[in-house]
Amino acid sequence: MQNIMRVDQTLFGHPNGNCFSACIASVLHLPIENVPSFMGRGDGGEWFDALAEWLKPRGLYPLFFNLKGWSPPDDAVCILGGKSPRGDFMHAVVGVGARVEHDPHPSRAGLVTMDDVTLLVPYTYQRFAEVLT
């Protein structure tokens with residue numbers, strides 16, 4: 001098991017659920033109250049910009065990938081996104097590689113599909129290069 005703190009979401013449903021924030025909290029070992037809600041900020045990349053800005057003082061930057069044709073390294077702690085088993089909307093879980101490590105929803109039902117992955121990498125170029133090599 002990877003070193004994560006299992007944090008559960010406290011808000012549910014689309015667009016106000018905070019599963020993604022619970023995943024960020026789990027990876028960074030933070031209480032959910034210390035992580036803002038990034039989703040539901042519009043239809044574009046507003047959530048990503050808000051996340052990047054929030055992570056910057058913490059020395060991290062998010063990398064977002066579509067999982068079609070690619071998967072994260074087997075030991076990479078990441079946030080996996082895909083279709084929720086509870087409706088026609090997206091859900092987020094903590095993954096290690098492409099395996100679900102923690103579903104922040106109380107059902108622990110995971111994902112119906114795995115569509116994307118968010119990796120948190122060191123912000124500085126030197127550290128970023130080390131992660132990629």
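Author: A disulfide is a pair of cysteine sulfur atoms within 2.5 Å. The model discussed here is predicted, and the structure holds 0 disulfides.

Reader: How do you know that C23 is in no disulfide?

Author: The nearest cysteine sulfur, that of C19, is 6.2 Å away from the sulfur of C23. The cut-off is 2.5 Å, so C23 and C19 do not meet the definition.

Reader: What makes the sulfur of C78 too far from the closest cysteine sulfur for a bond?

Author: The closest cysteine sulfur to that of C78 belongs to C23, at 9.6 Å. A disulfide requires the two sulfur atoms to lie within 2.5 Å, and therefore C78 and C23 are not bonded.

Reader: Why are C23 and C78 called buried?

Author: The term applies under 20% relative accessible area. C23 has a value of 0% and C78 has a value of 1%, so both residues satisfy the criterion.

Reader: What makes helix α1 largely enclosed by the rest of the structure?

Author: Of the 10 residues of α1, 9 are buried, so the helix is largely enclosed. Among them are C19, F20, C23 and I24. These buried residues pack against α2 (46-55), β2, β3, β4 (99-102) and β5. Just after α1, H29 takes a positive phi of about 60°.

Reader: Why is strand β2 called mostly covered?

Author: Strand β2 spans residues 77-83, and 5 of its 7 residues are buried. Each of those 5 falls under 20% relative accessible area, and the strand is therefore described as mostly covered.

Reader: How do you know that β2 pairs with β3 and with β5?

Author: Pairing requires at least two bridges between the strands. Strand β3 (residues 90-96) is joined to β2 by 7 bridges, and these strands run antiparallel. Strand β5 (residues 116-122) and β2 share 3 bridges, also in the antiparallel sense. Both counts meet the requirement, so both pairings stand. As examples, L80 has V93 in β3 as its bridge partner, whereas I79 has T118 in β5. Furthermore, β2 and β3 form a hairpin with 6 residues between them.

Reader: In which helices is confidence lowest and highest?

Author: Confidence is lowest in α3 (residues 125-132), with a mean of 57, and highest in α1 (residues 19-28), at 97. The scale runs from 0 to 100. For the chain, the mean pLDDT is 88, and 88% of the residues reach 70 or more.

Technical notes:
Residues are numbered from 1 along each chain as its sequence is written. This is a predicted model: local features need pLDDT of at least 70, side-chain atom pairs count only at pLDDT 80 or more; totals for chains, interfaces and linings use all residues. Side-chain values use heavy atoms; hydrogens and water are left out. Buried means under 20% relative accessible area, exposed over 50%, partly exposed in between (1.4 Å probe, protein chains only). Helices (H or I, at least four residues) and strands (E, at least two) are DSSP runs, numbered from the N terminus. pLDDT is the predictor's confidence in each residue, from 0 to 100. Contact means heavy atoms within 4.5 Å.
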